[in-house]
Amino acid sequence: MTHQPPTHHLTDPFGRRITYLRLSVTDRCDLRCGYCLPQGFKGFEEPEHWLDFDEITRVVAAFAHLGVHRVRITGGEPLVRRDLPRLAAALGALPGIDDLSLSSNCTRMESLAEPLYRAGVRRLNASLDSLRPEVFARITGGRLDRVLRGIEAARQAGFHPIRINTVALGGVNDEEIESILAYCAERGFTLRLIETMPMGSTGQAALHQYLDLQRIKERLDRRFTLIPDILPGGGPARYYRVGASDTRLGFITPISQHFCETCNRVRLTVDGTLYLCLGQESSYPLRPLLRAGIDEAGLVEHLRRALTLKPERHEFREQPGKIVRFMAMTGG
Ligand SMILES: C[S@@+](CC[C@H](N)C(=O)[O-])C[C@H]1O[C@@H](n2cnc3c(N)ncnc32)[C@H](O)[C@@H]1O
Ligand code: SF4
């Protein structure tokens with residue numbers, strides 16, 4: 001992977017430089033986290049609407065031309081998309097892309113960690129909401145042992161850094177945060193706590209479990225002393241060093257303290273829709289253009305046009321019922 005200085009930039013109407021693409025390679029998932037996808041949900045995108053690997057690679061190449069140099073593969077659960085390492089290798093080989101990362105629930109990581117690492121994926125965000133098998137099953141419908149083996153396989157394969165994403169859920173896992181932090185500290189992982197967002201009916205229903213992370217931070221600070229820290233490529237999280245240790249703890253607080261002013265990203269869904277903001281409807285359809293045979297210069301022009309639609313900020317707090325799509329559809 002090489003990072004040649006881009007000749008063009010992508011800047012939104014609020015002066016924010018866009019350098020980061022979240023790429024959802026499927027909206028399907030083998031888990032059903034209560035705040036994300038409804039039980040028994042079947043309304044997934046039709047496979048003929050999915051962008052194929054060539055189409056995805058063309059869009060990412062156009063973004064790279066405009067200075068986007070970081071791509072995170074997400075979903076749904078990205079590892080359920082067949083042949084994902086082949087796509088990852090193609091993206092990693094694009095001139096300008098110097099950071100290829102993955103968000104995963106890690107249920108399938110045991111068999112895919114090595115091929116993905118060989119394909120050039122280096123950084124991993126793994127979802128882990130509980131270390132208690134029964135609580136994990138209640139939240140996700142899945143098996144904790146399998147996920148822990150998957151995370152370990154990623155560590156063995158060389159993924160670094162590995163960040164554990166934990167959605168903080170009042171009355172469910174809030175008393176476990178210290179144990180999850182200890183699990184991370186023992187393995188050199190960074191823990192990131194996330195506030196629930198009202199995405200779709202599931203996310204809106206989960207608002208009754210919403211925890212203001214400022215309060216959790218105060219609790220952890222009393223116990224460990226949290227020292228403000230800056231992590232390169234840290235994104236929206238606010239990071240702290242835990243006492244005198246090397247362990248990092250991040251807080252992602254879209255509700256209690258939003259971070260839209262530093263937003264540097266856009267999201268591409270599996271059906272080729274570009275979403276300009278996780279918490280707004282603004283979008284731009286790229287699939288019709290790709291299927292009509294648009295060339296790269298045309299695609300670049302449309303990406304510029306799409307960027308004029310990027311909203312200033314989400315309104316999760318002011319309008320919690322606004323976004324009907326589930327997080328798994330846009331890619332978290
Ligand atoms: C949608 S998932 C996609 C990638 C992968 N399936 C995973 O779970 O890591 C990405 C992240 O979004 C988070 N997420 C999903 N729904 C959410 C919600 N309503 N509020 C906050 N975070 C949410 C998940 O916990 C996960 O960390
Ligand atoms: S958070 Fe990830 S693992 Fe959980 S249901 Fe949503 S997409 Fe699947």
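## The largest cavity

In this predicted model, the largest cavity holds about 40 Å³ of space, and the count of cavities of 30 Å³ or more comes to one. The residues that line the largest cavity are Leu31, Cys33, Tyr35, Asn105, Ser127, Leu128, Asp129, Phe136 and Thr140. Sorted by class, this lining is made up of five nonpolar residues, three polar residues and one charged residue.

A general remark may help with the reading of such spaces: a probe the size of a water molecule, rolled over the atoms, shows where empty space is left.

## The second largest pocket and a cis peptide bond

The second largest pocket contains about 270 Å³ of space, and its lining consists of 15 residues, among which His160, Pro161, Thr190, Leu231 and Arg248 lie nearest the centre of the pocket. By class, six residues of this lining are nonpolar, five are polar and four are charged.

Two of the residues named for this pocket, His160 and Pro161, are also joined to each other by a cis peptide bond, for which omega is about -5°. Pro161 belongs to the loop that runs between helix H5 (144-157) and strand E5 (162-167).

## Aromatic pairs

How many aromatic pairs does the count come to? The count comes to five aromatic pairs, and one of them is formed by Phe41 and Phe44, whose arrangement is edge-to-face, with 5.1 Å from centre to centre and 85° between the planes. Both Phe41 and Phe44 are buried. Another pair consists of Tyr240 and Phe251, whose ring centres are 5.7 Å apart and whose planes stand at 75°, an angle over 60 degrees, so this pair too counts as edge-to-face.

The pair of Tyr240 and Phe251 links distant parts of the chain, since Tyr240 is in strand E8 (residues 238-242) while Phe251 is in strand E9 (residues 248-252), 11 residues apart. Tyr240 has a relative accessibility of 13% and therefore counts as buried, and Phe251, at 3% relative accessibility, counts as buried as well. Ring pairs also join Phe41, Phe44 and Phe326 into a cluster.

## Arginines over tyrosine rings

Arginine side chains also lie over aromatic faces in this model, as Arg70 does over the face of Tyr20, at 4.6 Å from the ring centre. In a further case, Arg122 lies over the face of Tyr117, at 3.7 Å from the ring centre.

## Cysteines without disulfides

A search of the whole structure for disulfides finds zero. Cys106, for example, is in no disulfide, and the cysteine sulfur nearest to it, which belongs to Cys29, is 11 Å away. With a relative accessibility of 0%, Cys106 counts as buried.

Cys277 is likewise in no disulfide, and here the nearest cysteine sulfur is that of Cys260, 6.1 Å away. Why does Cys277 count as buried? Its relative accessible area is 11%, and because buried means under 20%, Cys277 falls within that class.

## A buried glycine in helix H7

Gly203 is part of helix H7, which covers residues 200-205, and this glycine is buried, with a relative accessible area of 0%. Along the chain, Gly203 and Asn173 are 30 residues apart, and their C-alpha atoms are separated by 16 Å.

## Positive phi angles in loops

Asp83 has a phi near 65°, which is a positive value in a residue other than glycine. Asp83 lies in the loop between strand E2 (70-74) and helix H2 (84-92). With a relative accessible area of 41%, Asp83 is partly exposed.

Thr225, which is not a glycine either, has a positive phi of about 65°, and Thr225 is located in the loop between helix H8 (213-224) and strand E7 (226-229). The relative accessible area of Thr225 is 46%, a value that is neither under 20% nor over 50%, and Thr225 is therefore classed as partly exposed.

Technical notes
Residues numbered from 1 in each chain as written. Chains lettered and ligands numbered in written order. Predicted model: local features only at pLDDT ≥ 70, side-chain atom pairs only at ≥ 80, totals over all residues. Heavy atoms only, no water. 1 Å grid on protein atoms, 1.4 Å probe; cavity = no way out; pocket = protein on both sides within 12 Å on 5 of 7 lines; lining within 4 Å. Points joined across faces, edges and corners; volume = space filled by probe spheres on them. Nonpolar A, V, L, I, M, F, W, Y, C, P; charged D, E, K, R; others polar. Phe/Tyr/Trp six-rings, centres within 6.5 Å; stacked < 30°, edge-to-face > 60°. Buried < 20%, exposed > 50% of the residue type's maximum accessible area, 1.4 Å probe, protein only. Helix = DSSP H or I, 4+ residues; strand = E, 2+ residues; numbered from the N terminus. Lys NZ or Arg CZ within 6 Å of the ring centre and 35° of its normal. Disulfide = S-S within 2.5 Å.
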